[in-house]
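Me: I have a structure open and some questions about it. Could you walk me through them briskly?

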Amino acid sequence: MANFILRKAEPKDVSDILRLIKELAKFEEMEDQVILTEKDLLEDGFGDHPFYHCIVAEVPKQHQSVDGHVIIGFAMYYFTYDPWIGKLLYLEDFYVMKEFRGFGIGSEILKKLSQTAVRTRCSSMHFIVAEWNKPSIEFYKRRGASDLSLEEGWRLFKIDKQNLLKMTNEE
Amino acid sequence: MDFTIRAATLEDCKDISRMILELAEHEKVSDQVKITQKDLEQDGFSKNPFFHGIIAEVPEHLKSRDGHTKVGYSLYFYTYSSWKGRAVYMEDLYVMPEFRGKGIGKALMSKVSQLGLAAGCTQLNFTVLDWNKSSLDFYLKQGCWDVTSDLGYHCMRCEGDALENLAQGDL
């Protein structure tokens, strides 16, 4: 079985995209952290200035998943900026359903993303991997990715909404 | 100290470019800066900007030793969390050394937070290098947390030959 297509996500795909986001979050044991809704995905991905872009992997109906899905993988990305080297492509989520792995779908998605990065003159593709996720780290390292946290000491920081509000109210 | 925080304009790109180099020098890597003033103008001030900027400016009588009134900046852009939705990423935050300790950095960060919240973002993300103790302290005081430390998320990068090879589909 290697019959699949990759295409740009459309508004009708938001239900499947959310399902796959939750599946990936579940794998990271963070399913309860997903508060995004289909409405958010629709609003934020398909207007004049989308916050993200998405490609989906689709199989023909006769190869649907055990629970009846034909959208069986996706990648969510957006463009960022490094003031030293310019445009970058940031890969936010990248996932293929377990029963469809080992068929080269993940590799094809990554290839498509890289082509997009090169075509839009991005100098690099960035993403995050959890350090315990050894198979994924190997997958990426095999493809020439470098670990900036290890090699250059990059630490990712976050401020949540509560503290953001606190900061804006302080004088 | 008397200063104003405002949105960057095309005319500010000369000073932003100057300060980007100053920040790179502080991180000891100024030879890695490939972006020019012209790139900044194109990438930040066209119909579809890849970043936004804010500037900290002092009145003429408080200008720097070498005659500058634009003494700090922040570059940011909008990103997307597949769990929480809209987010804002602060790419650069810099205040010229002679203007530090006067609340300008905090005011710049506060402005980015305000703009982010106004755009519907629920988190602010950024990266800090692990040797940059003074910056780490500043951020932890603002209520940020270190995602790399706490969740083991590593920042990864695929660039140059690795990116080209991925696009070609070679393994």
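Me: How many bridges join strand β2 of chain A to strand β3 of chain A?
Reply: This is a predicted model. In it, β2(A) covers residues 53-58 and β3(A) covers residues 71-82. The two strands run antiparallel. C54(A) has M76(A) as its bridge partner in β3(A). The number of bridges joining the two strands is six.

Me: Which residue in β3(A) is the bridge partner of A57(A)?
Reply: Look across from β2(A) to β3(A), since they run antiparallel, joined by bridges. In β3(A), the partner of A57(A) is G73(A).

Me: In which sense do β1(A) and β2(A) pair?
Reply: Four bridges link these two strands. One of the partners is I55(A) in β2(A), which faces K8(A). The sense of the pairing is antiparallel.

Me: Which strands of chain A stand at the edges of the sheet?
Reply: Seven strands make up this open sheet, with mixed pairing. The order is β1(A)-β2(A)-β3(A)-β4(A)-β5(A)-β7(B)-β6(A), with one strand from chain B. Each edge strand has a single partner, so one of its sides has no neighbour in the sheet. The edge strands are β1 (5-8) and β6 (146-147).

Me: What angle does the direction of helix α3 of chain A make with that of β4(A)?
Reply: Helix α3(A) spans residues 105-119 and packs on the sheet. The helix touches β1, β2, β3, β4 and β5 of chain A. Its direction makes an angle with that of β4(A) of about 165°.

Me: Which strand of chain B does helix α4 of chain A touch?
Reply: Helix α4(A), residues 134-142, also packs on the sheet. Its direction makes about 160° with that of β5(A). The helix touches β4 and β5 of chain A, together with a strand of chain B: β7 (153-159).

Me: Where does β7(A) sit in the other sheet?
Reply: The second open sheet also has seven strands and mixed pairing. Its order is β1(B)-β2(B)-β3(B)-β4(B)-β5(B)-β7(A)-β6(B). Helix α3 of chain B, residues 104-118, touches β7(A) too. So the order puts β7(A) between β5(B) and β6(B).

Me: Which residue in β5(B) is the bridge partner of Y89(B)?
Reply: β4(B) covers residues 85-95, and β5(B) covers residues 123-129. They pair in the parallel sense over two bridges. In β5(B), the partner of Y89(B) is N125(B).

Me: What area is buried between chain A and chain B?
Reply: The contact takes 69 residues from chain A and 74 residues from chain B. Y81(A), W84(A) and F157(A) lose the most area in chain A, together 15% of what that side buries. Carbon and sulfur atoms give 62% of the buried area. The area is about 7000 Å².

Me: How many salt bridges are there between chain A and chain B?
Reply: E43(A) and R86(B) meet in a salt bridge, at 4.0 Å from N to O. Over all chains, the structure holds 19 salt bridges. Between chain A and chain B, the count is four.

Me: How far apart along helix α1 of chain B are D15(B) and R18(B)?
Reply: Their side chains meet in a salt bridge, at 2.9 Å from N to O. Both residues lie in helix α1(B), residues 13-26. Because they are three residues apart there, their separation is about one helical turn.

Me: Which element of chain A has the lowest mean pLDDT?
Reply: Chain A averages a pLDDT of 90, and 98% of the residues score at least 70. Among its elements, β2(A) has the highest mean, 98. The lowest mean, 76, belongs to helix α6 (residues 161-169).

Definitions and conventions
Residues are numbered from 1 along each chain as its sequence is written. Chains are lettered from A and ligands numbered from 1 in the order in which they are written. This is a predicted model: local features need pLDDT of at least 70, side-chain atom pairs count only at pLDDT 80 or more; totals for chains, interfaces and linings use all residues. Side-chain values use heavy atoms; hydrogens and water are left out. Contact means heavy atoms within 4.5 Å. Axes are lines fitted to C-alpha atoms, for helices over the stretch in contact, and angles run from 0 to 180 degrees between N-to-C directions. pLDDT is the predictor's confidence in each residue, from 0 to 100. Buried area is the accessible area (1.4 Å probe) that two parts lose on being put together, summed over both.
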